[in-house]
Structures are given as C-alpha cells and as structure tokens.
Amino acid sequence: MRKIQYFFEEQAFGVCTRLGDILNISTSSIRLFFIYASFLTFGSPVLIYMGLAFIINLRRHLRRQYNQIWN
C-alpha cells in the first residue's frame, strides 16, 4: 500500500503533501477535501490543484537555477 501511495504522490506533484507540511494538517485530510470539493463543485478544485502544482514546480525550478548561478 505504501508503494502505491508514494507512486501517486510522486505523480501528483506533491501538492497535498506540501500543503500538509505548511498547514500542519495530514495529507489524507487534504486529499479528501479536494475529492469532496470536486464532487460538490463539479471539478473546480482541480483547477486550483493544477495552479498550485504549477507554482510549486516553478518555485522548485527557480530555486535550482538560483543555486546553479551562485555555486
């Protein structure tokens, strides 16, 4: 079960894990929120999720570029 969880966390950009770390909330609670909110609002949290994934990947990329310049 852990292998499946790690696979999906790697493939799902780590948004729920990152939010859980920042807000000190369990990642399973955040995932459940996204699932329930998607059903209730017909998928609009998916757009929020993708936006957060874009921001996280952009910050990771910029951090990597900054470290290459100064090292």
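Helices here are DSSP runs of H or I with at least four residues, numbered from the N terminus. With that in hand, and bearing in mind that this is a predicted model, let's place R63: the residue sits in helix α4, which covers residues 44-70.

R63 is a handy way into the charged part of the surface. Its relative accessibility is 45%, so R63 counts as partly exposed. R63 is also one of the members of a positive surface patch, alongside R18, R59, R60 and R64. Which helix gives the patch its largest share? That would be α4, with four residues.

Now for a patch of another kind. L32, I35, Y36 and F39 together make a nonpolar surface patch of about 460 Å². Take Y36 from that group: you'll find Y36 in helix α3, residues 27-40. Is Y36 buried or exposed? The cut-off for exposed is over 50% relative accessible area, and Y36 comes in at 52%, so it is exposed.

Next, step over to helix α2, which spans residues 15-23, and look at G20. G20 has a relative accessible area of 5%. Buried means under 20%, so G20 belongs in that class. What does G20 touch once its neighbours within four places in sequence are left aside? The contacts are I25 and I30. For a sense of distance, try Q5: the C-alpha atoms of G20 and Q5 are 15 Å apart, with their positions 15 residues apart along the chain.

L19 is in helix α2 as well. With a relative accessibility of 22%, L19 counts as partly exposed, because that class lies between the 20% and 50% limits. If you skip residues up to four places away in sequence, L19 touches I30, F34 and L52. I30 therefore turns up in the contacts of L19 and of G20, where contact means heavy atoms within 4.5 Å. L19 can also be set against N57: the two are 38 residues apart in sequence, and their C-alpha atoms are 14 Å apart in space.

That leaves the loops. Between α2 and α3 there is a loop that holds N24. If you check backbone torsions, pause at this residue: N24 has a positive phi of about 55 degrees, although it is not a glycine. How accessible is N24? Its relative accessibility is 72%, so N24 counts as exposed.

The loop between α3 and α4 is where you'll find T41. At 40% relative accessibility, T41 counts as partly exposed. T41 also gives us a way back to the charged patch, by way of R59. How far apart are the C-alpha atoms of T41 and R59? They are separated by 28 Å, and the two residues are 18 apart along the chain. R59 is part of the positive patch with R18, R60, R63 and R64, which brings us back to the arginines we began with.

Conventions:
Residues numbered from 1 in each chain as written. Predicted model: local features only at pLDDT ≥ 70, side-chain atom pairs only at ≥ 80, totals over all residues. Heavy atoms only, no water. Patch = residues over 30% accessible without salt bridge, like charges linked within 9 Å, V, L, I, M, F, W, Y side chains within 5 Å. Areas by Shrake-Rupley, 256 points an atom, 1.4 Å probe, with all protein chains shown as cover. Salt bridge = Lys/Arg side-chain N within 4 Å of Asp/Glu carboxyl O. Lys, Arg positive; Asp, Glu negative; His and termini not counted. Charge placed at Lys NZ, Arg CZ, Asp CG, Glu CD. Helix = DSSP H or I, 4+ residues; strand = E, 2+ residues; numbered from the N terminus. Buried < 20%, exposed > 50% of the residue type's maximum accessible area, 1.4 Å probe, protein only.
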